[in-house]
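Q: Can you walk me through this one? Let's start with the ligand, then go on to the helices.

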Amino acid sequence: MSASNQSIHGMWSSQMVFVLAATGSAVGLGNIWRFPYMVGEYGGGLFVLIYLGCIALIGVPVMMAEVMLGRMGRHSPITSIRIIAERNGLSRHWHLLGWMGVVAGLLILSFYSVIAGWSMAYIFRSGAGVFDGITAEGVSAIFSDLVSEPEKLLAWHTLFMIMTYVVVSKGVVRGLEVAVKILMPMLFILLLVLLAYSMNTGYFNDGIQFMFFPETSRIADIKGLSFVILAALGQAFFTLSLGAGAIMAYGAYLPRSTSIFRVTMMVVIMDTLVAIVAGMIIFPIVFANNLDTVVFANGLDARYGPGLVFQTLPLAFGHMPWGDFFAALFFLLLVIAAWTSSISLLEPAVAYLVERWSLARDRAAMLMSVIVWILGLGTIFSFNIWSDVRPLESFEIFADKTVYHLLDFLASNILLPLGGVLIAVFVGWRLNWKTTEDELAMGKEYCSYAVWRISIRYIAPVLLIIVFIYSLLKVIGQLSSAP
Ligand code: TRP
């Protein structure tokens, strides 16, 4: 039957192209923008260690499961899960899991695109030389200027959504190769240049200390351990593009002969390295410029928050030879990394519309892009005209959260891990041993099938459920103590 060997949306030309595309999806703003600011807000070492634990114990088996489901179903996540459920005599309702992922992906893209827009604005600021010899106050002023103007942010957000639309409307398989084969490696090299800079700030050890050594005294200030864990878990899903069907959608175009374990490990290792290196670049700069009091203000007055990268890296660029050039190049490559990720956030929804309602691909991509574009207004306004709006003010834990923060919290910390639980239960408990063993074909692998099966059946879901129940109880506790 051809349906299970080919996808109507196209196929990757080789295993390597899949690895590149999945890496392109995984590596993006999540590594370079979100990871460092989360590490800052959640107090450093402990967050990083829990994050690494989540990647290894939950991220790896869940990513393998997503790739496997995509390749089994050969359709968009929603359709694939429906097909697989039917084929195995299970309830069709499982496809709601795909729907949840699609919603999460669109919500994430709505703010992702706005932040990618900031990066675009920074290409031009760098090129114009505004960071030359700049001070910490200077970078803050430039950043505040940018985000205080909704029209500007809207223009960049619009441009980025058009870029995403263009690739998705042409079909992902053709659009991606150059970006991931040439431009991503350039970004990696530039990160190494920045790392060399950070090593010479004289504060490298402070940065490392902050990132890797848990300091429990900070936790009490940050709303408690359960939120550190939930945030680390959310970050693990976000950075690996898990829980929203993105990797599943890409798995649908993967040739049958490839080893899912091997491709997964390549993507996970590359992604984790980029995030860790980004942190090792940024924190020494923070300490060298005495920004720590502003950046680590216990999550209460985290003035930098989402602005962290945009207010630290320019400080480094502003004081290095050829800084303007490197800064412009860096933000350009960051935009491209964000682009290869945003495509995978839109793809599951678009592929579904194409299959289900026989919409032409460009129509479907247009429809979804417009919806995301409108949703993006919520994030844009969160940094200016709505910067004082706190929709869930009456709950202590959400008291300081803007619309953007809440959107991100809902999508990244709740919907993605919830998608992860459902995927783990579906694959680990509803699909039988033989079905998954055939698809994974791990017999020859050093990491045996049994280890994966135990991880996806017990380790991942149990950990996920514990984290959920624990944080849910916290929230309820907070609710009842609310005025
Ligand atoms: N992983 C990407 C990043 O780190 C973002 C991303 C792309 C994503 N596709 C996703 C996040 C699907 C969650 C789900 O920048």
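A: Sure. This is a predicted model. In it, 17 residues surround the ligand. The closest are Ala26, Gly30, Tyr112, Phe238 and Ser241.

Q: How far is the side chain of Tyr112 from an oxygen atom of the ligand?

A: 2.5 Å, taken from an N or O atom in the Tyr112 side chain to the ligand oxygen.

Q: And which residues lie by a nitrogen atom of the ligand?

A: Ser241 puts a polar side-chain atom 2.9 Å from a ligand nitrogen. Ser25 uses its backbone: an N or O atom there is 3.2 Å from a nitrogen atom of the ligand.

Q: Phe238 was on your list of closest residues. Which helix contact is Phe238 part of?

A: The one between H12 and H19. H12 covers residues 225–239 and H19 covers residues 403–430. Their axes come within 8 Å and cross at roughly 75°. An angle of 65 to 115 degrees counts as roughly perpendicular, so H12 is roughly perpendicular to H19.

Q: Who else is in that contact?

A: From H12, Phe227, Leu230, Ala231, Leu233, Gly234 and Phe237 join Phe238. H19 brings Phe409, Ser412, Asn413, Leu416, Pro417 and Gly420. By class, the contact has nine nonpolar, four polar and no charged residues.

Q: What does Phe468 touch?

A: Asn413, Ile414, Pro417, Leu418 and Val421, leaving aside neighbours within four places in sequence. Phe468 sits in helix H21, residues 449–481. Pro417 is 51 residues away along the chain, yet the two C-alpha atoms are separated by 8.7 Å.

Q: Is Phe468 buried or exposed?

A: Buried. Its relative accessibility is 16%, and the cut-off for buried is under 20%.

Q: New topic. How do H2 and H16 pack?

A: At an angle of about 105°, with axes 9 Å apart. H2 is residues 29–41 and H16 is residues 308–317. The two helices are therefore roughly perpendicular to each other.

Q: Which residues make the contact?

A: Ile32, Trp33, Pro36 and Tyr37 on H2. On H16, Leu308, Val309 and Phe310. The contact of H2 with H16 has seven nonpolar residues, no polar and no charged.

Q: Last one: Ser198. Where is it, and is it buried or exposed?

A: Ser198 lies in helix H9, residues 177–199. Ser198 is buried, at 0% relative accessible area.

Q: What does Ser198 touch?

A: Phe204, Met280, Ile281, Pro284 and Ile285, not counting residues up to four places away in sequence.

Technical notes. Residues numbered from 1 in each chain as written. Predicted model: local features only at pLDDT ≥ 70, side-chain atom pairs only at ≥ 80, totals over all residues. Heavy atoms only, no water. Axes fitted to C-alpha atoms, helices over the stretch in contact; angles between N-to-C directions. Helix = DSSP H or I, 4+ residues; strand = E, 2+ residues; numbered from the N terminus. Parallel < 35°, antiparallel > 145°, perpendicular 65-115°, else oblique. Contact = heavy atoms within 4.5 Å. Nonpolar A, V, L, I, M, F, W, Y, C, P; charged D, E, K, R; others polar. Buried < 20%, exposed > 50% of the residue type's maximum accessible area, 1.4 Å probe, protein only. Near = heavy atom within 4 Å. Polar contact = N/O pair within 3.5 Å; in protein donor to acceptor, adjacent residues only side chain to side chain.
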